[in-house]
Amino acid sequence: MSLPSHHPGDTLLIDYAGGGLCEGAALVVATHTAYCPGCRRMVGEMEAVGGALLDGIEPDETLSPDGLEALFARIDREEAGRPPRPPCQPAARPTAADAPRPLIPEPLRSYLGGGDLESRRWRFLQPGIRCIDLKAGPNVTTRLVRMKGGVAVPQHTHGDMELTVVLDGGFSDELGSFQPGDVAIGDPSIDHRPVSDPEGCLCLATTIGGLRLTGPIGRLFNRFMDF
Ligand SMILES: [Zn+2]
């Protein structure tokens, strides 16, 4: 299976590593890192730097520019004193004996509490689209969304941010084609109409600030639609 080609980007990874994302957004980023060794490594390095910074701060130290410079210098000195890291091992080539990737990777699988997705109640959203609500708050919703093949989500824009990671199948919109592991980021500047691939699509989506339908019919039905 190929590696993802759409990533959360540095800002979201930094926020994720620093614990600054809401639960639903963090779940999308964490799920992406299960597919993406590059982002997984970046998050690990950011967490290590954050930990080193916290370790280095005495309770009475303030983060003045001079203090921060001294702190980085100290981290550099401590790094220099450590034994060199072992060289990277080449990635093992997959073999026929390798287990196939589970449809739902960790940590999302544990978050769902295991069990068979088919046995769950999938709520109707529109013809060809059903969902399982994982978190539904006044401003943030996190859902598993399943689309049949060739189904279009109505044209819409975003109140704040929409983070979607593909788990199976795929979809395309004005921004590109999204396959398993890819993250699609929507914001108020993006007006799009995602269409599922012929084999359908299963994804995890966190929406902050709601969606607003923008097509001619959509505007009329905005108040009735539950997206
Ligand atoms: Zn990535």
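**Close-up views of a predicted zinc-binding chain**

Buried residues account for 36% of the 227 residues in the protein chain, and every view described below is taken from a predicted model.

**View 1. The protein chain as a whole.** The secondary structure comes to six helices and nine strands. Among the contacts in the protein chain with a separation of 6 or more, 66% are between residues 24 or more positions apart. The accessible surface of the protein chain is about 13,400 Å², and 57% of this surface belongs to carbon and sulfur atoms.

**View 2. The zinc site.** The zinc ion is coordinated by two histidine nitrogens, His7 (ND1) and His32 (NE2), and by two cysteine sulfurs, Cys36 (SG) and Cys39 (SG), at 2.0 to 2.3 Å. The angles among these four donor atoms run from 101 to 116°, and the site is tetrahedral. Along the chain, the donors follow the spacing H-x24-H-x3-C-x2-C. Because His7 lies in the segment before α1 whereas His32 belongs to helix α2, this pair ties together parts that are 25 residues apart in sequence. His7 is partly exposed, with a relative accessible area of 35%, whereas His32, at 0% relative accessibility, counts as buried.

**View 3. The surroundings of Arg40.** Arg40 lies in helix α3 and is partly exposed, its relative accessible area being 43%. Not counting residues up to four places away in sequence, Arg40 touches Thr33, Ala34 and Tyr35. Arg40 and Leu13 are 27 residues apart in sequence, and the distance between them in space is 9.3 Å, C-alpha to C-alpha.

**View 4. The largest nonpolar core.** This core holds 28 residues, of which Ile104, Leu108, Leu117, Leu144, Leu163, Leu167 and Leu204 touch the most other members. The elements that give two or more residues to this core are the helices α1 (10-17), α2 (23-35), α3 (37-56) and α5 (108-112), together with the strands β5 (161-173) and β8 (195-208). Helix α2 gives the most, with six residues. At least three residues of this core come from each of domain 1 (10-80) and domain 2 (108-221). In soluble globular proteins, nonpolar side chains tend to be buried together.

**View 5. Leu167 and the second core.** Once residues up to four places away in sequence are set aside, Leu167 touches Thr31, Tyr35, Leu103, Ile104, Pro105, Leu108, Leu144, Pro180, Leu202, Cys203 and Leu204. Apart from the largest core lies another core, of 14 residues, which includes Met147, Val151, Val166 and Ala205.

**View 6. The cis peptide bond before Pro107.** Glu106 and Pro107 are joined by a cis peptide bond, for which omega is about 5°. Pro107 is placed in the loop between α4 (65-80) and α5.

**View 7. The surroundings of Thr141.** Thr141 is placed in strand β3 (residues 140-147). With a relative accessible area of 19%, Thr141 is buried, since the limit for that class is under 20%. Leaving aside neighbours within four places in sequence, Thr141 is in contact with Lys135, Ala136, Ala205, Thr206 and Thr207, and of these Ala205 is also listed among the residues of the 14-residue core. The C-alpha atoms of Thr141 and Gly24 are separated by 7.5 Å, although these two residues are 117 residues apart along the chain.

How values were computed: Residues numbered from 1 in each chain as written. Predicted model: local features only at pLDDT ≥ 70, side-chain atom pairs only at ≥ 80, totals over all residues. Heavy atoms only, no water. Core = buried A, V, L, I, M, F, W, Y, C linked by side-chain atoms within 4.5 Å. Buried < 20%, exposed > 50% of the residue type's maximum accessible area, 1.4 Å probe, protein only. Helix = DSSP H or I, 4+ residues; strand = E, 2+ residues; numbered from the N terminus. Domains from an automatic or database assignment. Contact = heavy atoms within 4.5 Å. Areas by Shrake-Rupley, 256 points an atom, 1.4 Å probe, with all protein chains shown as cover. Donors = N, O, S within 2.8 Å, 3.2 Å for Na, K, Ca; no water. Tetrahedral: all angles 85-135°; square planar, octahedral: opposite > 155°, others 65-115°.
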